[in-house]
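Please open the model in your viewer and keep the selection panel at hand. The tour below goes from one selection to the next and says what to look for at each stop.

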Amino acid sequence: MYRLVKTLNRQALVNATVSIFVVIAIVIAGSRNLQNFDAALVAYLFGTVFAVFGIAYRYSVWLQRPPTRLYWYRSWQFLFSKNFIPYALRSLKLFLRNILLQRFIYPRGKLRWFGHLMLAVGCVLAFAITIPLTFGWIHFTLDPNSISTYNAHFFGFVVTSFELGTPIAVITFHALVWCSVIVTIGAVIMLRRRLTDGGLIATQTFEGDWLPLFLLIAISVTGIGITYDYTFLQGRTHQFMSVTHAITVILFLIWLPFGKFFHIFQRLAQLGANIYKVEGMKRGMAVCPHTKEEFASITHIEDLKNVSKKLGFDFSLKNGGSHLDLSPEGKRSALAKAHYKARKESGKFFG
Amino acid sequence: MAVSEYNQEMEFFVDMQRCIGCHACEMACAECETNGQESMIHVHYIDRAVSVQTTVQVCMHCDEPACATVCPADAITKDNFGVVHSANTSRCIGCSNCVLACPFGVPIKFEESELMMKCNMCYDRTSAGKKPMCATVCPSQALYYGTREEIRKRRPESVPVNTFKFGELEVKTKVKIMMPKGATKIIVD
Ligand code: SF4
Ligand code: SF4
């Protein structure tokens with residue numbers, strides 16, 4: 001055990017531990033010292049705490065990789081510069097466009113974009129509902145003076161009331177069903193792609209690509225099963241439905257930090273990469289000595305020289321320059337010229 | 001990955017001197033199903049002002065890929081066959097680090113979709129025992145996919161080389177370049 005702990009990343013372990021304490025603290029605060037905590041959801045809470053630990057751990061390890069650390073550092077540096085307002089607005093715009101609406105997937109395929117959007121919207125909505133419920137931040141009570149009015153509490157305060165049977169009650173109590181339907185539609189679209197696209201068939205893996213979709217469908221179907229049970233079966237299969245649903249959700253939570261779903265958290269780095277590009281362009285562009293054209297920002301090339309050197313790729317040349325000063329086309333031409341030179345020196349171009 | 005018949009006896013041999021700039025490989029590359037109908041191969045004049053010689057560049061599938069090493073999103077992976085795959089679409093954040101760090105100028109960043117794509121040696125085909133698209137159509141055999149024995153017979157005056165020098169840095173690759181007999185490496189600059 002001690003040896004296992006020793007192989008763990010220290011900084012990441014600290015960050016992950018701190019984050020679970022934060023989660024526990026906000027659960028206690030939000031549920032008013034666990035007064036409003038729903039004991040039936042305790043398994044989900046453990047799953048969530050584990051997921052938070054895992055995500056914080058993996059994220060911290062990830063940030064320690066030199067190229068990631070550089071982007072992380074530069075993103076904040078450029079954001080909190082004198083251009084804070086334009087960069088913050090730009091990031092907000094890109095957040096809406098690319099993170100929420102996922103428009104960057106659109107050019108990769110319309111149906112693909114739609115399918116992925118369904119997955120994302122369904123999952124995010126479901127999280128937005130279930131996490132506050134699990135943490136005991138939200139709970140519903142029957143109004144003491146009525147037999148049909150429900151009060152919704154947030155952090156222990158009544159925020160709204162509604163009558164049973166009204167549209168708002170139907171939407172509130174069935175919100176997770178809609179999420180499940182949306183996620184299932186998305187998952188089916190994505191599964192269809194995986195069955196028919198030759199390129200995907202060649203490169204996909206079961207655990208990396210199929211399992212996440214199966215898991216999402218399983219969560220959705222078992223979730224719908226709970227509603228189906230109390231709507232049509234008078235709760236006769238409640239135990240089975242709720243146990244299978246809990247198992248699928250907890251599997252999902254445990255797997256969240258390790259598998260494909262981790263990309264949800266990595267994706268935000270795209271915003272940083274965008275600021276980096278824009279700020280780099282402002283600071284000045286590098287011109288390729290071969291093509292004589294601008295091809296990237298000087299900041300990017302210089303940063304990359306440092307990072308690649310740290311990682312064991314020192315592209316410095318004897319003349320004091322660097323192979324990285326060339327644009328991609330310049331690099332291809334340099335190789336072709338070297339090949340030509342060698343052929344020429346040998347006296348034979350072919351054969 | 002669903003690999004069944006990756007034939008590791010088959011190797012990729014490139015001889016840019018033989019490239020006639022016909023762009024047939026470029027058209028064929030777009031047929032590769034793993035690229036979503038985008039061509040990944042590069043064909044262009046080396047230095048149009050002084051020569052009409054063209055060059056062709058596929059991914060060299062480096063033993064230690066610079067592209068994967070500098071990727072902040074861990075989006076590029078090398079498999080057990082030595083194939084360095086195109087960016088994992090769910091991870092790539094479109095930062096272009098790989099585009100600028102690849103010593104052979106291979107990866108392409110698609111701005112609109114914030115995604116890098118590159119040659120994966122037609123993984124859909126090679127993993128099923130077939131040749132990459134480009135090598136099947138190249139009329140001058142600047143791109144050749146076959147066994148070592150075959151290439152030795154066809155090019156008795158040349159040897160396949162897979163060691164490249166960029167300054168002090170040495171890069172070894174899965175794809176080979178045909179060099180004059182006796183050569184062991186290519187000194188790029
Ligand atoms: S040639 Fe470039 S893109 Fe291909 S593996 Fe090497 S570094 Fe990566
Ligand atoms: S463009 Fe994508 S694959 Fe290339 S280095 Fe950036 S994140 Fe990695």
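## Confidence first

Begin by colouring chain B by confidence: in this predicted model, the mean pLDDT within chain B is lowest in helix α4 (residues 123-126) of chain B, at 93, and highest in helix α3 (residues 97-101) of chain B, at 98. Taken as a whole, chain B has a mean pLDDT of 94, with 98% of its residues at 70 or more.

Turn next to chain A, where the average pLDDT is 92 and 99% of the residues score at least 70. Among the elements of chain A, select helix α1 (residues 2-7), which has the lowest mean pLDDT, 73, and then strand β4 (residues 285-287), which has the highest, 98. For the complex, the predictor gives an ipTM of 0.96 and a pTM of 0.91.

## The two ligands

Select ligand 1 and display the 14 residues around it, of which Cys59(B), Met60(B), Cys62(B), Cys67(B) and Cys102(B) come nearest. Coloured by class, the shell around ligand 1 divides into twelve nonpolar residues, one polar and one charged.

Move on to ligand 2, which is surrounded by 14 residues, the closest being Cys71(B), Cys92(B), Cys95(B), Ser96(B) and Cys98(B). The shell around ligand 2 is made up of eleven nonpolar and three polar residues, with no charged residue.

## Helix α9 of chain A and its partners

Now select helix α7 (residues 167-196) and helix α9 (residues 206-232) of chain A, whose axes come within 9 Å and cross at roughly 150°. Because of that angle, α7(A) is roughly antiparallel to α9(A), and the crossing of the two helices is left-handed. To view the contact, show side chains on both helices: α7(A) contributes residues including Phe173(A), Val177(A), Val181(A), Thr184(A) and Arg194(A), while α9(A) contributes, among others, Asp209(A), Trp210(A), Leu213(A), Ile217(A) and Tyr230(A). By class, the contact of α7(A) with α9(A) has 15 nonpolar, five polar and two charged residues.

Keep α9(A) selected and add helix α10 (residues 238-255) of chain A, which packs against α9(A) at an angle of about 150°, with the axes 9 Å apart. That angle is why α9(A) counts as roughly antiparallel to α10(A), and the crossing of α9(A) and α10(A) is also left-handed. Among the residues that meet here are Glu207(A), Leu211(A), Leu215(A), Ile219(A) and Asp229(A) in α9(A), and His238(A), Met241(A), His245(A), Phe252(A) and Trp255(A) in α10(A). The contact of α9(A) with α10(A) divides into twelve nonpolar, eight polar and two charged residues.

## A last stop: α4 and α12 of chain A

Finally, select helix α4 (residues 66-79) and helix α12 (residues 269-283) of chain A: their axes come within 9 Å and cross at roughly 65°. At what hand does α4(A) pass α12(A), left or right? The crossing is left-handed. On the α4(A) side, the contact is made by Leu70(A), Tyr71(A), Arg74(A), Ser75(A), Phe78(A) and Leu79(A), and on the α12(A) side by Gly272(A), Ala273(A), Ile275(A), Tyr276(A), Glu279(A) and Arg283(A). In the contact of α4(A) with α12(A), seven residues are nonpolar, two polar and three charged.

Technical notes: Residues are numbered from 1 along each chain as its sequence is written. Chains are lettered from A and ligands numbered from 1 in the order in which they are written. This is a predicted model: local features need pLDDT of at least 70, side-chain atom pairs count only at pLDDT 80 or more; totals for chains, interfaces and linings use all residues. Side-chain values use heavy atoms; hydrogens and water are left out. pLDDT is the predictor's confidence in each residue, from 0 to 100. Helices (H or I, at least four residues) and strands (E, at least two) are DSSP runs, numbered from the N terminus. A residue is near a molecule or strand if one of its heavy atoms lies within 4 Å of it. Ala, Val, Leu, Ile, Met, Phe, Trp, Tyr, Cys and Pro count as nonpolar, Asp, Glu, Lys and Arg as charged, and the others, Gly among them, as polar. Axes are lines fitted to C-alpha atoms, for helices over the stretch in contact, and angles run from 0 to 180 degrees between N-to-C directions. Angles under 35 degrees count as roughly parallel, over 145 as roughly antiparallel, 65 to 115 as roughly perpendicular and the rest as oblique. A crossing is left-handed if the near helix is turned anticlockwise from the far one by less than a right angle, and right-handed if clockwise. Contact means heavy atoms within 4.5 Å.
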